[in-house]
Amino acid sequence: MSLLELTALELGRAIKAGEVSVPEATETALAAIEAKNQENNAFITVLNERAMEEAEAVQKRISAGELTSPLAGVPLAIKDNICTKGFKTSCASKILGDFVPPYDATLTEKIHAMGGVVLGKLNMDEFAMGSTTETSFYGPTKNPWDLGRVPGGSSGGAAAAVAARECWYAIGSDTGGSIRQPASYCGVTGMKPTYGTVSRYGLIAYASSLDQIGPLARTAEDCAAILDGIQGKDPRDGTSLDAPHGNLLANLSGDLTGMRIGVPADCFGDGLDSQVSERVRAAAQVLRDRGAVVEACSLPIMEYVVPTYYIIAAAEASSNLSRFDGVKYGWRAENYEDLTDLYNKTRTEGFGSEVKRRILLGTFVLSTGYYDAYYRKALQVKAVIKNAFDRVFEKYDLLLMPVAPTTAPRLGESLSNPLQMYLSDIYTVSVNLAGLPGISLPCELDGNGMPVGAQLVGPALGEQKVLNAAHAFQLSTNYHTLVPAEQGGVR
């Protein structure tokens, strides 16, 4: 069996047993990236020499018994909006250019503490604004299942890299579904944890009240192990939670006896592809067979989630992106007359069209005369959405719903219709607005051979419930083991 066929935990066990070395695994991954990245464009930066040096150092620490993480030595890749000291972090933008952070994000520090070997930085929608990874300054990432289709976004590079077997796991960020939706499109497992459980220090912000770092991997088991290593209170992030964490992997049981799972009827109406609906409902039956009580329920706030999300996210983006002005770092326009002209020309030439669209929307809803009508009202609706989830979780342990209305669209389709792209987030943005944990897991293929994802959502700090149910589902199915034709798979 090829090393690339192993899950992250399986590779970690093989490394610990001395069956494979960290440099050998790293060489294997780098060779896969070299062979595949030109066609799928999942990576912006590949750290060939640095990764091999890191692999040698990690191997010595494992041999000395210094590293105990089950993922010690397992190569991974990181989304390009998470700061990495000493090498490029661009947010897939022109305006950041070849910016090299002078510090590591907390996430990066924790990956190193686990003994992870960073292979490179992953492509994404520019500043995480998009649902297809087509807005990247470095060109679109392509879905390994069909290179004529998008991988989803904004963590499309992360999902594509894991699906194409270029790395064993990846770290992405999720503002309105940016981990779960590409995981669904690419047939991998991706989890957004509870807001505040993973530090955002060093994550270049899109919408600060919604952004959350999380893992993409082959299995729920892998995701549990990754979260065990990266969660925790961080004094450098005032929004991080001082809550119990760890032992997610150790407590995976696969036993769903007595677990109550609601299936919101509001998520299965107009706009949902019939094949997606059928496969998510089939997933409900698998969970039922594992011992869960699965029944229909109501979540009547779904019609408000997309406008609420885009008002809040755009408002926060317009504030967060004001720091990119061509003065302190990044790309700077030429031939400007004064400071104001420098700002205008740098931002006009440096930001892409989708980023400009969201900055304009955000500035509008924050402006005098419109703040109360739009932004303040959106915050009020956000509280209503959170309360609606709280009420439904008084009766149910988890919710099961689709991840996206369709499988991966073709390249170019979404960019030609931005409103349709925004509506593709309808089943994911509510989870960010409420700050809840959610996971996307593969649940079969559609008639075109494209992956379909099912989403499990839990109450705040309910990661263990979410992961237990996802693990149980994967014990009963093999959808997470399917690979694209390019890897000798099913198509």
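1. A polar contact is a pair of N or O atoms within 3.5 Å; within protein, one atom must be able to donate a hydrogen and the other to accept it. There is such a pair at the start of helix α10: a side-chain oxygen of Asp338 comes to within 3.3 Å of the backbone nitrogen of Thr340. Please keep in mind that this is a predicted model.

2. Stay with α10. The helix covers residues 339-350, 12 residues in total. From first C-alpha to last, α10 reaches 16 Å, close to the 16 Å expected at 1.5 Å a residue.

3. Which residues of α10 are buried? They are Asp341, Leu342, Thr346 and Gly350. These residues lie on the same side of α10, because they cover an arc of only 130° around the axis. The general rule helps here. An α-helix has 3.6 residues a turn, so residues three or four places apart point the same way.

4. Now the sheet. It is open, has 11 strands and shows mixed pairing. The order is β1-β3-β2-β4-β6-β5-β10-β11-β9-β7-β8. At the edges are β1 (43-46) and β8 (293-297), and each pairs on one side only. From one strand to the next, the twist averages 30°.

5. Look at β2, residues 75-79. Is this strand mostly covered or mostly open? It is mostly covered, with 5 of its 5 residues buried.

6. β2 has β3 and β4 as partners. With β3 (residues 117-122), β2 runs parallel, joined by 4 bridges. Lys79 stands opposite Leu122 of β3. With β4 (residues 169-174), the pairing is again in the parallel sense, over 3 bridges. Here Leu76 has Tyr169 in β4 as its bridge partner.

7. What links β2 and β3 into a β-α-β unit? The helix is α4, residues 106-114, and the unit is right-handed.

8. Turn to β7, residues 260-264. How many bridges join β7 to β9? There are 2, and the strands run parallel. β9 spans residues 398-402. Gly262 stands opposite Leu399 in β9.

9. β7 also pairs with β8, in the parallel sense, over 5 bridges. Arg260 has Val293 in β8 as its bridge partner. Between these strands the chain passes through helix α8, residues 274-289, and this β-α-β crossover is right-handed.

Technical notes:
Residues numbered from 1 in each chain as written. Predicted model: local features only at pLDDT ≥ 70, side-chain atom pairs only at ≥ 80, totals over all residues. Heavy atoms only, no water. Expected span 1.5 Å × (residues − 1). Buried < 20%, exposed > 50% of the residue type's maximum accessible area, 1.4 Å probe, protein only. Arc of directions from axis to C-beta. Pairing = 2+ DSSP bridges. Right-handed = clockwise from strand over helix to strand, strands pointing away. Axes fitted to C-alpha atoms, helices over the stretch in contact; angles between N-to-C directions.
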